[in-house]
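Student: Could you take me slowly through one part of this structure, the empty space enclosed inside it and what surrounds that space?

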Amino acid sequence: MEIFYYIVFALQILVLAALEFSKSRKDRITTSPAFNAFKNNYILVFSLMMAGDWLQGPYVYALYSFYGYDKGDIGRLFIAGFGSSMLFGTIVGSFADRYGRKTMSMTYCVVYILSCFTKHSSQYRVLMLGRVLGGIATSLLFSSFESWLVAEHFKRGFDAQWLSLTFSKAIFLGNGLIAIVAGLVANTLVGNLGLGPVSPFDAAAVTLAVGLAIIMYTWPENYGDPSGNKGLLSQFQQAAAAIASDEKIALLGAIQSLFEGSMYTFVFLWTPALSPNGENIPHGFVFATFMLSSMLGSSLASRLMARPNLKVEGYMQIVFLISAASLCLPVFVSFLVEPVVEKGGSISQGGCLSLVGFCLFECCVGLFWPSIMKMRSQYIPEESRSTIMNFFRIPLNICVCIVLYNVSAFPISVMFGMCTIFLAMASVLQRRLMVVSEKHNIDSWITEKERDLETDPLRI
């Protein structure tokens, strides 16, 4: 393995250590023992769920290539996953609100385990079924667990600010440390132990089974609709009405779709971008490097959200602009760096520059997740939380499906240019969200004062 990979990895470890050990009192939140026990339980479960996902991450594209499928075939498999998430995601989100977030969290484990089993077959239709199951599981992962957490957090009477601590820690570990370990484990299973590219998927199934057992025996159930009397159509109408009537919710959904659309496009493109001529890339180690970058971002997010005077809506504008610049780097590389024509070999100079940009983007991803979770907890109504969160994924999945369907028609630089535009648009919408949010806060304050004057005219 080239020294370049070690240098990038080591530099990020040093920066992360500096961030963690330099935290002052104002960067930390004082909590209660009961909350800490609750938080630790959720983080354990979330980390196991993410481990099941991350173990597969580095080798999804590689496994399909191993089975002999080209970029177009692989693109259609990815489309099946995002398409199923779009078609079934809102329905399963509504199930979570109506029938219970714990129940649907356990369903995630079962569905994803079945998806892992399909990877043992090289038949295209079986792999397609696996992608469909994986798409359904993804919708559950990014709605049911967060909805359960937010509802249970406030049900137990914990301080609202403590929620940001759970979010940042869950992303720091689940999207960071666990992902790094998963990447290295996957690399060891495939490379060092020679168990083949399907072995990480078997490891993922075992991890998900452990998480399923913990959820089953330690989580209480909670619902979005306590009465359980609303049908699916009624839930969809309520969610759609909430989005249409509140500009903040609509803006949040658009921002999430633009950023996650770029993120999932990046997931598909990073492998061919770093090895356009079949260069020998250590996928597991590069993946671990990306996750270390994500840890940097989540560590920084925890410091930013711990400061009550610093608004999430404000600093996220800058995060989106930086992420746009980071994915624009491969576009410049394609024009400024002489392309390599030889097949195979080690990573090229252009690949090295792109890797640095990708690490910066992953740092922004680490900042994005806990920050968007905090905004969702503030703006999305509890009774339709899972349904609305999966509504947000509809435009996201449409966007990604269009991109992947046309992935063979355009150069990779064009795809990254499109992602850059999406992220710049997200920054503009984030600015609008901040303005609307501040106006809403001022209007609420004026209304409260008017109400006080009506009840007590002598009150100043």
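**Cavities and the rings beside them**

Tutor: In this predicted model, the largest cavity is lined by 41 residues, and those nearest its centre are D53, W54, G57, Y264 and V267. That cavity holds about 760 Å³ of space, and the element that gives the most to its lining is helix α11, residues 247–274, with 7 residues. Sorted by class, the lining of the largest cavity has 22 nonpolar, 14 polar and 5 charged residues.

A search of the whole structure finds 3 cavities of 30 Å³ or more, and the second largest of them holds about 50 Å³. The residues that line this second cavity are Y42, F46, L141, F142, E146, L149, F167 and M373, which by class makes 7 nonpolar, no polar and 1 charged. Helices α2 (33–54) and α7 (144–155) each supply at least two residues of that lining.

Two of these lining residues, Y42 and F46, deserve a closer look. Both lie in helix α2, 4 residues apart, which is about one turn of the helix. Y42 is buried, with a relative accessible area of 4%, and F46 is buried as well, at 5%, since a residue counts as buried when this value is under 20%. The ring centres of Y42 and F46 are 5.8 Å apart and their planes meet at 20°, so the pair is stacked, because planes under 30 degrees apart count as stacked. Y42 and F46 also belong to a cluster linked by ring pairs, whose members include F35, F38, Y108 and W219.

Definitions and conventions: Residues numbered from 1 in each chain as written. Predicted model: local features only at pLDDT ≥ 70, side-chain atom pairs only at ≥ 80, totals over all residues. Heavy atoms only, no water. 1 Å grid on protein atoms, 1.4 Å probe; cavity = no way out; pocket = protein on both sides within 12 Å on 5 of 7 lines; lining within 4 Å. Points joined across faces, edges and corners; volume = space filled by probe spheres on them. Nonpolar A, V, L, I, M, F, W, Y, C, P; charged D, E, K, R; others polar. Phe/Tyr/Trp six-rings, centres within 6.5 Å; stacked < 30°, edge-to-face > 60°. Buried < 20%, exposed > 50% of the residue type's maximum accessible area, 1.4 Å probe, protein only.
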